[in-house]
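The following exercises concern secondary structure, strand pairing and surface exposure. Each task is followed by a worked solution.

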Amino acid sequence: MVQAVSNTFSREDWQKGYESLRTEQAYWIDDIEGQIPVELEGTLFRNGPGQLDINGEKYGHPFDGDGMICAIAFKDGKAHFTNQFVKTPEFLAEKKAGKILYRGVFGTQKAGGWLSNIFDLRNKNVANTNVVYQGGKLLALWEAAHPYAINPKSLDTVGLEDFDGQLAKGQVFTAHPRRDDRTGDLWGFGVQPGPKSTISIYQVTADGKLSTESQVKVSGFCFLHDFAYTPNYRIFMQNPVSFKPLPFMLGLATAGECIELKPNSPSQFLLIDRQGNLQTIETDPCFVFHHCNAYEQGDVIIVDSVCYPDYPKLEPNTDFREIDFDKVIAGQLWRFEINPQLGTVKRELILERSCEFPVVHPRCMGQKYRYAYIGAIAKESGNAPLQAIAKVDLETGKQEFHSFAPRGFISEPIFVPYDRNPDSAEDQGWVLTLIFNAEHNRSDLVILDAQNITGKPIATLHLKHHVPYGLHGSFTQEVF
């Protein structure tokens with residue numbers, strides 16, 4: 001059954017979710033519809049740009065906003081909310097100055113035109129993309145720098161994390177690690193871009209020790225946000241893009257605006273085995289931000305990814321709040337079957353509806369799996385903001401949707417299993433997602449039954465305020 005969905009949304013409603021949240025708070029959530037399952041125990045961490053302007057001077061792109069960590073802790077059927085900004089030196093300097101002091105990677109320039117921006121090549125670590133708990137440390141992640149260590153109880157900023165010196169100065173750590181549920185290891189990567197890019201594969205053990213498994217040189221400029229993981233491979237999609245640095249150096253454009261798609265160039269799967277050997281296999285041109293999952297099936301590697309037919313290029317001097325969704329490229333969920341021995345790739349469309357932020361059961365990471373949960377638009381075609389959660393059955397092809405349209409706008413879903421029993425059903429768990437509720441100008445944390453995704457939420461937790469649209473998050477069984 002596919003739940004009936006609305007085909008409309010209000011631009012004014014959607015824009016409200018891009019207002020900065022100025023306050024840092026800590027309180028028990030007492031406005032709840034339904035009942036929080038007593039069995040749900042742990043902490044949901046979310047990260048995203050909480051500050052999108054300084055004294056009304058707006059950042060040029062939401063990805064340039066300052067990172068804000070939100071924590072919702074669950075125990076005994078109760079929930080507690082906390083939020084804090086990541087107190088980077090750049091965040092504190094701009095707060096003191098009351099104006100933008102740094103160029104953003106994606107769309108933000110300092111006031112004063114190119115003369116104010118020329119040859120300013122500093123990176124502002126916004127620490128705004130993801131947050132993970134590993135080895136007793138909570139890490140706020142941004143893919144072009146070191147992580148920031150955060151106190152998981154108070155959300156106070158501890159400082160840059162170099163894993164006891166194992167992450168050297170100038171090395172970067174991904175905003176998109178993958179955890180091996182069987183070992184507790186966290187796998188990540190870092191990219192040093194250039195005419196020849198270097199990909200470093202990192203392992204962070206369950207007790208927080210980082211080591212470098214391999215370093216691989218790849219021809220050309222690498223623009224990599226995510227990777228897919230299997231026991232024997234780390235898999236990247238080398239998007240066919242180029243970086244033209246001159247406009248950036250001369251202060252005419254941000255770094256992100258200098259990335260362009262190479263016309264008529266194939267995309268490439270980069271397969272890196274456990275020994276650091278690289279195999280490159282070409283496929284039809286497409287652009288991938290996020291992979292859903294990957295697994296090995298005999299001689300074939302299955303990779304499921306949200307694929308765009310073209311790179312969604314950032315145009316200078318445009319207001320992202322005025323975006324024309326009819327002209328926005330839609331991402332769709334595709335399956336790629338890669339045969340390393342034959343050097344071939346087959347592809348098949350899984351979910352035609354525009355979608356993003358796919359997740360799976362934690363124990364299925366890198367393993368054969370049946371269900372994917374993903375943010376989707378509420379209507380069946382075209383493009384719009386994400387307003388629904390889709391559950392996709394990869395075995396039967398069945399697709400179910402829970403829509404929050406017309407006035408609810410979703411964030412990345414997080415799957416939390418009922419228990420750690422390896423024999424429990426794969427969809428036996430809850431799907432947690434933060435919703436911006438435009439009707440009440442606040443955010444709600446919604447708990448859905450993964451086995452009845454179209455049904456009424458088990459619980460809807462009404463926050464006292466809104467949380468700006470976030471990016472990624474994670475759940476830990478530790479209660480903070």
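**Exercise 1.** Determine which exposed residues are carried by the face of α2 turned away from its buried side.

*Solution.* The model is a predicted one.
Step 1. Helix α2 spans residues 89-97, and its buried residues are E90, F91 and E94.
Step 2. Viewed down the axis of α2, these buried residues fall within an arc of 100°, and therefore they line one face of the helix.
Step 3. The general geometry agrees with such a pattern: an α-helix has 3.6 residues a turn, so residues three or four places apart point the same way.
Step 4. On the face turned away from the buried side of α2 lie the exposed residues P89, K95 and K96.

**Exercise 2.** Identify the residues that make the nonpolar surface patch of about 360 Å², and classify W114 as buried, partly exposed or exposed.

*Solution.*
Step 1. The patch is made by W114, L115 and L252.
Step 2. W114 is located in helix α3, which comprises residues 114-117.
Step 3. Partly exposed residues lie between the limit for buried, under 20% relative accessible area, and that for exposed, over 50%.
Step 4. The relative accessibility of W114 is 45%, so W114 counts as partly exposed.

**Exercise 3.** For the open sheet that contains β8, establish the strand order and state which strands stand at the edges.

*Solution.*
Step 1. The sheet has 4 strands in the order β8-β9-β10-β11, with antiparallel pairing.
Step 2. The strands β8 (130-134) and β11 (157-160) each have a single partner strand; they therefore stand at the edges, and one side of each is left without a neighbour in the sheet.
Step 3. From one strand to the next, the twist averages 30°.
Step 4. Within this sheet, β9 (residues 137-141) pairs with β10 (residues 148-150) over 3 bridges in the antiparallel sense. The bridge partner of A140 in β10 is Y148.

**Exercise 4.** Carry out the corresponding analysis for the open sheet that contains β26, and find the residue of β29 that stands opposite A388.

*Solution.*
Step 1. This open sheet is likewise built of 4 strands, ordered β26-β27-β28-β29, and the pairing is antiparallel.
Step 2. Its edge strands, β26 (355-359) and β29 (399-403), each pair on one side only.
Step 3. The twist averages 25° from one strand to the next.
Step 4. Strand β28, residues 388-393, runs antiparallel to β29 and is joined to β29 by 5 bridges.
Step 5. The residue opposite A388 in β29 is S403.

Key
Residues are numbered from 1 along each chain as its sequence is written. This is a predicted model: local features need pLDDT of at least 70, side-chain atom pairs count only at pLDDT 80 or more; totals for chains, interfaces and linings use all residues. Side-chain values use heavy atoms; hydrogens and water are left out. Two strands pair if DSSP finds at least two bridges between them. Helices (H or I, at least four residues) and strands (E, at least two) are DSSP runs, numbered from the N terminus. Axes are lines fitted to C-alpha atoms, for helices over the stretch in contact, and angles run from 0 to 180 degrees between N-to-C directions. Patches are made of residues with over 30% relative accessible area and no salt bridge: like charges are joined within 9 Å, nonpolar side chains (Val, Leu, Ile, Met, Phe, Trp, Tyr) within 5 Å. Accessible areas come from the Shrake-Rupley method with a 1.4 Å probe; for residues, only the protein chains shown count as cover. A salt bridge is a side-chain nitrogen of Lys or Arg within 4 Å of a carboxyl oxygen of Asp or Glu. Buried means under 20% relative accessible area, exposed over 50%, partly exposed in between (1.4 Å probe, protein chains only). The arc is that of the directions from the helix axis to the C-beta atoms.
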